[in-house]
Amino acid sequence: MKIKNVLLSCEYSISLEFFPPKEEKAFEEFTKGFTFYQRLNPNFVSVTYGAGGSTREKTFSLVKFIKEKYDIPVMPHLTSLTHSPEEIENLLQAYAEIGVENILALRGDIPKDVGDFDISKAYFKNALGFVRFIKERFGSTFSIGVSAYPEGYPEYRDVEKEVEYLKRKFDEGGDFAITQMFFDNSYFYKFVNICRKKGITNEVIPGIMPITNFKQIFSFATSVGARIPDDLTNKFNSVLSSPEDMEKLGIEVAVSQIMDLFDNGFKKIHLFTLNRRSVIEDIVRVVRARVMLQS
């Protein structure tokens, strides 16, 4: 099922993002245990794509596994920067042949392990051209998701510019957006408000990253320009010596952030799981229980 139709058909939506384990044993263990995630009843799931296509085969294998074994709409991430148009077309054709109907179209990061990489020579210099390519070559085969940065793209940190660029991606054929992580909902509300003023009506889904390892998430957030408020930083610094307390706090903070989004009318969220089963189970269980109480 196309995700654009999933989003239209439900009032509340909780979707999950996974990464494909690189090691074969870990990959097998993940697939064997995937029924766990099915029981959480996500509205759809997405599978990440390593920098420069480093997990290309594993991403495809995991997407194929989910598509064949589970009745869950699945969306592979696909980054285009380091690929030729022929490689991208072959990948998209392979997904189409196994019945995949959704793609998250991303430019991707400049590869760190290629010191002389010249972005000016790349065929896909940005996600805009990638979205256009998918629509031109595959028409309506795929529902296309795109990225959005509520605090501005890290390279230019300009929210107005980011909204204008997002609008162009929608105009070229993007159906919905999933945001980069953010930890202060006011940035998201401001971003969506600007989107609506610019005439964007497409769904912009907030991406939520639970903070269960503060140093790791702080590093992630810094690299993508997502600010962690001082009060949260202080709270997590106070539990750095206790992984259990940090995980508990991370779950509480994520639930609070999600419920605030729901209370303000944003009832579709995307959870970056980092393949942390117990953490995601606790968040989904508590959020759904609170939603039921409010219904």
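This passage describes the fold, the charged side chains and selected loop residues of a predicted model of one protein chain.

The protein chain contains twelve helices and nine strands. Its radius of gyration is 19 Å, close to the 19 Å that the globule rule gives for 295 residues, so the chain is as compact as a globular protein of that length. The C-alpha trace spans about 50 × 45 × 45 Å along its principal axes. Of the 295 residues, 53% are buried. Among contacts with a separation of 6 or more, 79% are accounted for by residues 24 or more positions apart. The exposed area of the chain is about 14,000 Å², and carbon and sulfur atoms supply 47% of that area.

The chain carries 38 positive and 40 negative side chains. The centres of these two sets lie 2 Å apart. Salt bridges in the model number 13.

One of these salt bridges joins the side chains of Lys2 and Glu101, with an N to O distance of 3.6 Å. Lys2 lies in the segment before helix H1 (3-9), and Glu101 lies in the loop between helix H5 (85-97) and strand S4 (102-106), so the pair ties together parts that are 99 residues apart in sequence. The two partners fall into separate accessibility classes. Lys2 is buried, at a relative accessible area of 16%, whereas Glu101 is partly exposed, at 28%.

Two further salt bridges lie within single helices. In helix H4 (residues 56-69), Lys64 and Glu68 are four residues apart, which corresponds to a separation of about one helical turn. Their side chains meet in a salt bridge of 2.7 Å, N to O. Lys64 is partly exposed, with a relative accessible area of 30%, while Glu68 counts as exposed at 54% relative accessibility. In helix H12 (residues 277-294), Asp282 and Arg285 are three residues apart, and about one helical turn separates them as well. The closest N and O atoms of this salt-bridged pair are 3.2 Å apart. Asp282 counts as partly exposed, with a relative accessibility of 24%. Elsewhere, Glu160, Glu164 and Lys198 are joined into one network by salt bridges that share partners.

Glu17 presents another arrangement of a charged residue. This residue is placed in strand S1 (residues 13-18). Glu17 is buried but has no salt bridge. The nearest side chain of opposite charge belongs to Arg276 and is 14 Å away, whereas a salt bridge requires a side-chain nitrogen within 4 Å of a carboxyl oxygen. With neighbours within four places in sequence left aside, the residues in contact with Glu17 are Ser46, Thr48, His77, His270, Leu271, Phe272, Thr273 and Leu274. Ser46, one of these contacts, falls within the residue range of strand S2 (45-47). His77, also in contact with Glu17, falls within the range of strand S3 (74-79).

Backbone geometry was examined at two loop residues. Asn41 has a phi near 55°, a positive value in a residue other than glycine. This residue is found in the loop between helix H3 (35-39) and strand S2 (45-47), and Asn41 is exposed, with a relative accessible area of 54%. Arg157 likewise is a residue other than glycine with a positive phi, in this case near 50°. Arg157 lies in the loop between strand S5 (143-148) and helix H7 (159-171). At 33% relative accessibility, Arg157 counts as partly exposed.

A third loop residue, Leu81, is placed between strand S3 (74-79) and helix H5. Leu81 is buried, with a relative accessible area of 3%. The C-alpha atoms of Leu81 and Ile110 are separated by 7.5 Å, although the two residues are 29 residues apart along the chain.

Definitions and conventions: Residues numbered from 1 in each chain as written. Predicted model: local features only at pLDDT ≥ 70, side-chain atom pairs only at ≥ 80, totals over all residues. Heavy atoms only, no water. Rg over C-alpha atoms; globule rule 2.2 N^0.38 Å. Buried < 20%, exposed > 50% of the residue type's maximum accessible area, 1.4 Å probe, protein only. Contact = heavy atoms within 4.5 Å. Areas by Shrake-Rupley, 256 points an atom, 1.4 Å probe, with all protein chains shown as cover. Lys, Arg positive; Asp, Glu negative; His and termini not counted. Charge placed at Lys NZ, Arg CZ, Asp CG, Glu CD.
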